[in-house]
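This note is meant for a colleague meeting the structure for the first time. The points below move from a surface feature to charged pairs, the interior and the chain as a whole.

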Amino acid sequence: MSAASLGGKSLAVSHRPKAQAKKQDGFVRVRKQDLDKLTTEVMQLREFLPRVLNRDLIEMLHKARAAQTRKEHLAQEQEQLRQECLHLQSRLDAVQTECQKEREEKLLLREQLWQSVAELQQQADFCSGLGSATCSLLWSCSAREHTVTQWLADGKLQSFLAVAAQTLESFVRSVDEEIKTQTEDHNSQEHQFVLALAGTITNIAAVTCGRDFLSSSAHVLLDTLMKLLELMKPGVFPKLKVLMLMALYNVSISVKGLKYISKNLLRLIWSLLDDGDWEVCLHSLRLLQSVLLEEEVLLLLGSSLLDPDLQARVSRLTSTAQPSLRLAAQQTLEDLQALQQDQGCKQSTL
């Protein structure tokens with residue numbers, strides 16, 4: 001007999017038509033047969049109900065309690081997530097507002113930067129034009145010997161030469177060497193500016209007092225000229241190279257100056273003989289001739305002047321189409337050969 005059927009019967013006890021229930025002084029009269037059946041049903045329920053409840057109902061109660069607990073946790077998590085979402089939304093709104101403000105400030109700064117760049121370029125163009133014009137005047141004035149003498153007497157030449165060395169080095173190093181060969185502008189204000197500086201230095205070195213000053217008190221400038229001639233690639237700014245070489249040649253007329261620049265001069269001349277510009281090669285040969293004419297410098301350089309590679313480079317220039325370059329190369333080659341013969345005679349005598 002199932003629990004459901006038993007339960008059904010137990011509910012029907014009070015409504016049985018056979019039961020002669022009579023209410024009297026708080027007692028109910030029940031037939032003995034019905035009482036026995038009710039007792040049997042109660043005993044059966046006591047026996048079977050715990051088995052059903054212990055396995056199914058208790059498990060369901062546990063699941064219900066767990067589900068209720070999980071529901072409460074989920075509700076708490078959902079509320080926490082909602083609060084976090086509201087917090088993040090408020091932060092997002094604040095960040096978006098700040099981002100928009102920064103974007104507007106950035107646009108304003110960019111516009112100001114463009115204006116500053118344009119103004120700076122105008123100022124740079126003006127300074128370049130002013131410097132070019134001023135140095136052109138200096139170049140022209142320095143062609144007069146008494147002007148250089150007066151500059152030396154004023155004591156301002158040292159600071160001018162220091163600025164000139166810095167300017168020349170800045171100009172050479174500021175332009176990328178690989179791009180310069182394709183985009184160099186010989187008519188630019190900057191180029192004219194440095195040309196005028198180099199020309200002024202050349203004119204100063206052409207005067208005896210100026211040459212002596214450079215040989216004794218302007219070693220930084222001489223080192224800068226030689227260093228820049230090494231840095232500049234073949235065919236790049238030949239006019240500037242020629243003026244630098246002319247300045248070094250004028251300095252080399254002084255024995256003191258020639259001794260100073262001769263330390264790294266031969267290596268420089270070797271590279272410039274392959275420059276490709278005939279004027280650069282010509283003035284390199286003249287500088288080499290200046291070295292060959294000074295006995296003290298020949299002793300300092302030793303056998304490096306007898307290097308066959310140097311004679312080969314000079315010999316190649318004897319076939320050039322430029323008459324002045326060809327003549328200078330022939331004369332230099334003869335001087336080198338005479339030096340070689342002289343050295344050979346000295347060794348045979350020893």
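1. The model discussed here is predicted. A convenient place to begin is the surface, where Val28, Val30 and Leu35 make up a nonpolar patch. Together these three residues have about 280 Å² of accessible area. Val30 sits in the loop that links β2 (27-28) to α2 (32-141). Its relative accessibility is 48%, so Val30 counts as partly exposed rather than exposed, the latter requiring over 50%.

2. Nine salt bridges are present in the structure. One of them joins the side chains of Arg82 and Glu79, with 2.7 Å between N and O. Both residues belong to helix α2 and are three residues apart, about one turn of the helix. An α-helix has 3.6 residues a turn, so residues three or four places apart point the same way. Arg82 is partly exposed, at a relative accessible area of 42%, and Glu79, at 36%, is also classed as partly exposed.

3. A further salt bridge links Glu230 with Arg267, where the closest N and O atoms are 3.3 Å apart. Glu230 is part of helix α8 (residues 219-231) and Arg267 part of helix α11 (residues 265-272), so this pair ties together parts that are 37 residues apart in sequence. The partners fall into separate accessibility classes: Glu230 is partly exposed, with a relative accessible area of 38%, whereas Arg267 is exposed, with 52%.

4. Are the partners in the salt bridge between Asp275 and Lys241 buried or exposed? Both are buried. Their side chains meet at 2.6 Å, N to O. Asp275 lies in the loop between α11 and α12 (278-292), while Lys241 lies in helix α9 (residues 238-252), so the pair ties together parts that are 34 residues apart in sequence. Elsewhere among the charged residues, Asp274, Asp309, Arg313 and Arg316 are joined into one network by salt bridges that share partners.

5. Turning to the interior, helix α7 (residues 208-217) deserves attention. Its buried residues include Gly210, Arg211, Phe213, Leu214 and Ser215. The buried residues of this helix pack against α3 (145-154), α4 (157-174), α6 (189-206), α8, α9 and α10 (255-261).

6. The largest nonpolar core has 70 residues. Within this core, the residues with the most contacts are Leu161, Leu240, Leu265 and Leu305. Which residues does Leu161 contact, leaving aside its neighbours within four places in sequence? They are Ile201, Ile204, Phe213, Leu214, Ala218 and Leu221. Two of these names, Phe213 and Leu214, have already appeared among the buried residues of α7.

7. The structure holds one aromatic pair. The ring centres of Phe171 and Phe237 are 5.3 Å apart and the planes stand at 55 degrees, so the pair is tilted. Phe171 belongs to helix α4 and Phe237 to the loop between α8 and α9, so the pair ties together parts that are 66 residues apart in sequence. Both Phe171 and Phe237 are buried.

8. Phe237 merits a second remark, on its backbone. Its phi angle is near 45 degrees, a positive value in a residue other than glycine. At 4% relative accessibility, Phe237 falls under the 20% limit and therefore counts as buried.

9. A polar residue in the interior is also worth a look. Ser132 is located in helix α2 and is buried, with a relative accessible area of 8%. Not counting residues up to four places away in sequence, Ser132 touches Gln189, Gln192 and Phe193.

10. Finally, some totals describe the chain. The chain contains 15 helices and two strands. Of its 350 residues, 31% are buried. The chain exposes about 22,500 Å², of which carbon and sulfur atoms supply 56%. Where contacts join residues at least 6 apart in sequence, 71% of them are between residues at least 24 apart.

Methods. Residues numbered from 1 in each chain as written. Predicted model: local features only at pLDDT ≥ 70, side-chain atom pairs only at ≥ 80, totals over all residues. Heavy atoms only, no water. Patch = residues over 30% accessible without salt bridge, like charges linked within 9 Å, V, L, I, M, F, W, Y side chains within 5 Å. Areas by Shrake-Rupley, 256 points an atom, 1.4 Å probe, with all protein chains shown as cover. Salt bridge = Lys/Arg side-chain N within 4 Å of Asp/Glu carboxyl O. Helix = DSSP H or I, 4+ residues; strand = E, 2+ residues; numbered from the N terminus. Buried < 20%, exposed > 50% of the residue type's maximum accessible area, 1.4 Å probe, protein only. Contact = heavy atoms within 4.5 Å. Core = buried A, V, L, I, M, F, W, Y, C linked by side-chain atoms within 4.5 Å. Phe/Tyr/Trp six-rings, centres within 6.5 Å; stacked < 30°, edge-to-face > 60°.
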